[in-house]
Amino acid sequence: MRRLVSFLTSLASVAFLTAFPAYADTGSPTTTITLSTSAPAYAGATATVTATVLDPSQQPIVGATVSFERNHGGQWAAMGEAATGADGTATVSVVLAKSAADNQVRATLVGDGTTAAIQVPLLRRRSTVTVTGPGKVVDEKATSMQIRWVAANGEPVSGPVTLLTRSGTGAWRGAATLATNAQGIATFTTTPRVDTYWFARTGTLDWVGAAGSAAYALDNLPPGRPAKLPRKAPRPKRKLPTQPRAAGAGANPVIRTIPDAVWSEMVGRTWHSGCPVGRTYLRLVEVNYWDFTGYRRRGQIAVNVDVANQVAAAFVDLYRYQIPLRSLVREDRFGWSAKLHGANDYKSMQAGNSSGFNCRGVVGNPRTRSPHAWGRAIDLDTWENPYRSARGTVPNTWWQHHSNKRYAWRSRKHLVVRLMAKHGLRWTYGLGDTQHFDAVPSGSRRADPANPATPVIRCGVAVCD
């Protein structure tokens, strides 16, 4: 009997092992599946993923079916199945995507459920980014530049690009964040007001490295004709800060009462106690003009209220014919002159500045009040059109004997003299004071003794500026 029981027990043990293979999940050691891949490669290359299936004793399992899947946009997609060979391995080929996440491969042992995953490594190609365009743009006009990002193999790169800019030797600053398209191209439109430089910088993508472009120079060209200066002609002794760019189309003149901020700057310089006119009788004319480099600027000139319209109209004509001005700055900018008992007209002339109201004495004869004190006289292009008195010529003597058809007049036939006369601004002193024009109020060409348009002043010299 004992032998029979022992025999039956042995049969039961054999049946148990047959029904439950060793690689099943019984809580005891199970099969394993491991993944390996070939060396890293560039996007577009084919990589191999190998699945190795081993039994609990780490022996290869032959003929096992392995199902391969690949991540695609966050979802697993079937790639196919393969059976393990004599070495317990099954392989699948993978064409590497540009996104690292899409290069994840998962293998599952069919009928068992054992799973393993691997990230197929991706090499980054070198890349280049360039900025190109016309290289020049007329001031106030728009221009476009092209940013192109390509991999070392010539394949376009689609991704974010940072565009930076600077003017002169200033610091680089961010201008825009762009995205290149499927052709690796992005465009950017700008309306610069000065010469600028542009630089593109990319980040690192899964399949390409970062890149930076060479600086792209964009030359801002003047919309008008620059003034040509004789080679031997002296340049102004004093340089002013560049005035703001023009506002609006054409000359765009605006006449307004003197603002508080402007008046506070005028008091103690172009106006002081004892002046024949005060704030109520003055107006600020703001107007666009052409500077000597051919760019449009916006300047200011203070004049008497009764000639403000004429002065504005005259500057409109000067603008229309592109008569260049070096600057159009109120003379209070030059500070007080004890010698002239008003704003410093000497410094204004040394800068070639054009100006109007200045309650001061006559240059060369400061005890006599200048016609500018009434706000009915203006000086134009003072460096190229000197003032000559018995005490000398200022601000230079070279231009006294030279002329220019655009900006230096020595005859009443000159275009500037004729344009000014058209609006009641007389070239009163001719060659003695070439820069000076007197405005006679519209509707009356006769001087009012109580408030003279052009006071009769006896200076003891031929002219009175």
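Trainee: Which residues lie nearest the centre of the largest pocket?

Mentor: K239, L240, T242, T293 and R326 do, out of 18 residues in the lining. Keep in mind that this is a predicted model.

Trainee: What makes a residue part of that lining?

Mentor: A lining residue has an atom within 4 Å of a pocket point. In the largest pocket, 18 residues count as lining. The space there comes to about 480 Å³.

Trainee: How does the lining of the largest pocket divide into nonpolar, polar and charged?

Mentor: Eight are nonpolar, four polar and six charged.

Trainee: Now the salt bridges. Why are R297 and D291 called a salt bridge?

Mentor: The cut-off is 4 Å between a side-chain nitrogen of Lys or Arg and a carboxyl oxygen of Asp or Glu. R297 and D291 meet at 2.9 Å, N to O. That is within 4 Å, so the name applies.

Trainee: Are R297 and D291 buried or exposed, and how do you know?

Mentor: Buried means under 20% relative accessible area. R297 has 10%, so R297 counts as buried. D291 has 8%, so D291 is buried as well.

Trainee: What makes D317 and R320 a salt bridge?

Mentor: Their closest N and O atoms are 2.1 Å apart. The limit is 4 Å, so the pair qualifies.

Trainee: Where do D317 and R320 sit along the chain?

Mentor: Both are in helix α3, residues 308-320. They are three residues apart, which means about one helical turn separates them.

Trainee: Which of D317 and R320 is buried, and which is exposed?

Mentor: D317 has 3% relative accessibility, so D317 counts as buried. R320 has 52%, and exposed means over 50%, so R320 is exposed.

Trainee: How do you know that D345 and R360 form a salt bridge?

Mentor: Their side chains meet at 3.4 Å, N to O. That is within 4 Å, so the pair passes. The pair links distant parts of the chain, with D345 in helix α4 and R360 in the loop between α4 and β23, 15 residues apart. D345 and R360 are both buried.

Trainee: Which residues do shared salt-bridge partners join into one network?

Mentor: D139, E140, R193, R245 and R296. The structure holds 16 salt bridges.

Trainee: Which residues touch the most other members of the largest nonpolar core?

Mentor: V66, M145, I147 and L163, in a core of 45 residues. I147 touches V129, L163 and F188, among others. Apart from that core lies another, of 29 residues, including V285 and Y319.

Technical notes
Residues are numbered from 1 along each chain as its sequence is written. This is a predicted model: local features need pLDDT of at least 70, side-chain atom pairs count only at pLDDT 80 or more; totals for chains, interfaces and linings use all residues. Side-chain values use heavy atoms; hydrogens and water are left out. A nonpolar core is a set of buried Ala, Val, Leu, Ile, Met, Phe, Trp, Tyr and Cys residues joined through side-chain atoms within 4.5 Å. Buried means under 20% relative accessible area, exposed over 50%, partly exposed in between (1.4 Å probe, protein chains only). Contact means heavy atoms within 4.5 Å. Helices (H or I, at least four residues) and strands (E, at least two) are DSSP runs, numbered from the N terminus. On a 1 Å grid over the protein atoms alone, a cavity is a set of points where a 1.4 Å probe fits but cannot get out, and a pocket is an open set with protein on both sides within 12 Å along at least five of seven lines; lining residues have an atom within 4 Å of a point. Grid points are joined across faces, edges and corners, and a volume is the space filled by probe spheres set on the points. Ala, Val, Leu, Ile, Met, Phe, Trp, Tyr, Cys and Pro count as nonpolar, Asp, Glu, Lys and Arg as charged, and the others, Gly among them, as polar. Lists of a residue's contacts leave out its neighbours within four places in sequence.
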